[in-house]
Amino acid sequence: QLHSDQDKGDGSLKYILSGDGAGDLFIINENTGDIQATKRLDREEKPVYILRAQAINRRTGRPVEPESEFIIKIHDINDNEPMFTKDVYNASIPEMSDVGTFVVQVTATDADDPTYGNSAKVVYSILQGQPYFSVESETGIIKTALLNMDRENREQYQVVIQAKDMGGQMGGLSGTTTVNITLTDVNDNPPRFPQSTYQFRAPESTPPNSPVGRIKANDADVDENAEIEYSITEGDGYDMFGITTDKDTQEGIITVKKALDFENKNLYILKVEATNTHVDPRFLYLGPFKDSATVRIQVEDVDEPPMFSRPAYIMEVKEDVPINSVIGTVTAQDPDAAKNPVKYSVDRHTDMDRVFNINSGNGSIFTSKPLDRETLLWHNITVIAAEINNPKQSSRVPVFIKVLDVNDNAPEFAMFYETFVCENAKAEQLIQTLSAVDKDDSYSGHQFSFSLAPEAASSSNFTLQDNRDNTAGIFTRKTRYNRHEMSTYFLPVVISDNDYPIQSSTETVTIRVCACDHRGKMLSCNAEALIHPTGLSTGALIAILLCIIILLVTVVLFAALRRQRKKEPLIISKEDIRDNIVSYNDEGGGEEDTQAFDIGTLRNPEAIDDNKLRRDILPETLFMPRRTATARDNTDVRDFINQRLKENDTDPTAPPYDSLATYAYEGNGSVAESLSSLESVTTDGDQDYDYLSDWGPRFKKLADMYGAMDSDKDS
C-alpha cells in the first residue's frame, strides 16, 4: 500500500502507478493506494519489476509529492521439473570394453532459481539398463558396468536415465530421457570354414584366369573385421591355380593360372588358408585368426581346339615389299593326344580388301596387294586355326601388322601458291614465302631443299632463296615489271627431301603482274582471276574453242559418210553383168583378209600359186583356176592398172581401202586373165550354179542372179 503524508482522508488526493506491468499486471486503488497483482506471477518469466507511484491533487492534477520508485522481486518456488537437452541420446562403444568405459554424458537443466533452496539441484539415476550400464548421479556420465559385452550376442541396448531436483529428495520434480547404445564390432572372431574338404571339376579347355569354384570361410564379425584374404599354402597345384577374394561376398574364387592338360595331370590337391586382414592384438589370446581347408580339383578331358603359340602377334612390313612377300608366321597345334593336323585361314571380316593371305599349311602370312603406309598404318587381322578332321574345333588369334614407312612420296607445296608482283617492285624484294609438306615419316624430322628448276634458274625474272628451315622465299630479280608485256609468270620450283632414296617434285608458283600504289597495295591485275574469281580464264576459253572445233569436224565427217553411201551403184542393170564386179553390200573380211583375192597376181603374174585356196569360201566347191601361158610383156596391163590406182588414190569419193576398185579392163592377152568368174569354165556346156547357195550369205546375190538365168533358159 502506498500512502502520502498529505493524504487527510478527505478524498482530495489521487494515486497513480507507472512502470513494468502497470495497469496490466499491477493495478493501484487511486483512493487508498493499495497495489494488487491481476494474475499469477512466474519468476522464470520475469523475476523483478520496477514501478513508479505518485500522489496528485485530484482537482488540480498537480503532484503533491515527488514521484517514488519501488522494486518488486518474485520469490522462487519449485515449480519446474528438470529438462534434458535431448529427448533421445544415441551412443556407441566397442564390444568387449572394460568396466567403467565412458559411453555418453546426459545433461538436464532446471528453470528454478539455483540460489534459492534446492529447487534447481539435479541428481541423475538409471531406471533401465542395469546391470550393463551405470550413471554418475551428479555429472550424468554413463559408463559400462559389465565385462566382455559381446556384439554377436546382443548389439542394441536402451537405457532410461532420470533427473530429479531437490537433490533427489522426496517431493522433488523429475524428468527422464532415453539413451540408445550400440555395441560396435571388433575383430574378436576368427574365420572358420564350414567344411574341411571341397571338390571341383574343371574341363581342360578352361582358359587361364577363368574361375573353377568358390569357397567361403564364415566370420561372425562385420565390415573390415570380417574381411578375409585367401591363399594357397601348399599342394601339387600351387603353380597351376590361384585364389582371389570377392570383396562383396568375402568368398575365395579359385581360378586357373595356367592351361590345364588332362593328358599330363588330371587331379590337383590344394590347401587353402583363410586369414583376417585386420587382426586386433588385444584378442590374439582367443586363438589364431585363420583357418584352412583342402580343395580337390578334377580335370576333365575335352576335345580342344588348336592353340596358338602366342596370344597375339605383332608383325612389321615395309610398304614397298612386292606382292606375295612373306611377312611373318603364326603357329598353332592341337593340344590333344591325337595331334590332329591344323589348317590356317584369314578371317575375311577383318580383311575385307584381301590385302593379306596365309599359307593354309604352314601359317605364313604374305601380301596379296600393294601396301601404302600413308593410306593405312596398321592392319589388324584375325587368323583362324582349325583342325582338318574337325573344322568346328577352331581358335583365333589377332595379328597386328604395322606398315613401315619408306621414302616413296615426294614433298609438295603445303598449299597452292598464286601471288602477285607489283609493276613498280624493287629488286631483291620478297613477294612470297613457300613451305612444303611430305606424306612420309621422318624419324629425324623433315628437311626440305628448294631450288628453281634448271630451265628457269638462269632466265627467270625471280630468284629463290632456301631458308634452310623448310621454307623458301621468292625474290624479284629486276626493278620493274610490265604487265602489258608479261601479265603472268609461271615459276617452277624443285622441292627435295633428305631421306633415302631422295624424292623430289616440281611445283609451279603462279605470279601475276599487278598495278599497285606507292605502299605496295594491289590495285588491278590483267589476270581477272585475282579480282573476279567467277570469270573465265584463258585456259577455259581455249578448251571451249577446241570443243567447238571437234564438234564441227564431227558434223563434216558425218555428212561426207552420208554422201558416200548415196553414190550410184557400180552396176546399173542386172543384165549387163559381163566383165563387171557386182556389189553385194558386204565389206568382206576387212584389211586383215589378205586372201579374199590375190592382188599379187596383178603385180607379178609369174607368182601364181596353183594350190592357193581362199579362206572365205568352202574349199571343196572351188573350181581349179585355168593355167595359161605366162606373158612376158605386160606393159599394157601395168600402165592401165597404175593409171586407175592413181585415180582412185586421189579421188576423195573413192570407196574405203578394204573395198575392191573396178578396173573393167584386162588388156590384150593378160597373164592374170579375166577377173570375172563367168569364163572360169572351159566347156561350152551348161553350168550348174546351185552350189552358190551353199557358200553362205555373202554369195546369196550371185546365187539369186545365176539361178534366175537358169530358170529363163529352161523356159
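Me: Two strands pair if DSSP finds at least two bridges between them. With that in hand, what makes strand 38 and strand 39 a pair?

Reply: Three bridges join strand 38 to strand 39 (residues 522-525) in the antiparallel sense, so the minimum of two is met. One partnership here is Ala 515 with Ser 524 in strand 39. The two strands make a hairpin with five residues between them, and Gly 520 has a positive phi near 90° there. Keep in mind that this is a predicted model, where local features need pLDDT of at least 70, side-chain atom pairs count only at pLDDT 80 or more, and totals for chains, interfaces and linings use all residues. Residues are numbered from 1 along each chain as its sequence is written, and side-chain values use heavy atoms, with hydrogens and water left out.

Me: Which other strands pair with strand 38, and how do you know?

Reply: Strand 37 (residues 488-496) is antiparallel to strand 38 (residues 504-516) over nine bridges, with Tyr 489 opposite Ile 511. Strand 32 (residues 418-422) runs parallel to strand 38 over five bridges, and there Phe 420 has Arg 512 as its bridge partner. Nine and five both clear the required two, so both count as pairs.

Me: What makes strand 7 and strand 10 edge strands?

Reply: Strand 7 (88-94) and strand 10 (123-128) each pair on one side only. They belong to an open four-stranded sheet with the order 7-14-13-10 and mixed pairing. On average, neighbouring strands in this sheet are turned by 30° against each other, direction ignored (axes are lines fitted to C-alpha atoms). Strand 10 has its antiparallel partner in strand 13 (residues 156-164), over five bridges, and Ile 126 faces Ile 161 across that pair.

Me: Where are the edges in the sheet ordered 23-30-29-26?

Reply: The edges are strand 23 (313-318) and strand 26 (342-346), since each pairs on one side only. This sheet is open, has four strands and is mixed in its pairing. Strand 23 runs parallel to strand 30 (residues 394-404) with six bridges, and Tyr 313 sits opposite Val 399.

Me: Why is residues 540-561 called a helix span, and what does UniProt say about it?

Reply: Helices are DSSP runs of H or I with at least four residues, and strands are runs of E with at least two, numbered from the N terminus. The span is 100% helix and 0% strand, with its end C-alpha atoms 32 Å apart. The unreviewed UniProt entry places the feature "transmembrane region" at these residues, though such annotations may be inferred rather than shown by experiment. Over the chain, the tally is six helices and 39 strands.

Me: How do you know which stretches to distrust?

Reply: Look at pLDDT, the predictor's confidence in each residue from 0 to 100. It stays under 50 over residues 527-535, with 11 contacts beyond four places in sequence, and under 50 over residues 570-579, with 15 such contacts. A contact means heavy atoms within 4.5 Å. The chain mean is 80, and 82% of residues reach 70 or more.

Me: What makes a residue count as buried, and how many of the 715 do?

Reply: Buried means under 20% relative accessible area with a 1.4 Å probe. Of the 715 residues, 35% qualify. The accessible surface is about 44200 Å², and carbon and sulfur atoms hold 50% of that. Among contacts with a separation of 6 or more, 65% link residues 24 or more positions apart.

How values were computed: Buried < 20%, exposed > 50% of the residue type's maximum accessible area, 1.4 Å probe, protein only. Areas by Shrake-Rupley, 256 points an atom, 1.4 Å probe, with all protein chains shown as cover. Axes fitted to C-alpha atoms, helices over the stretch in contact; angles between N-to-C directions.
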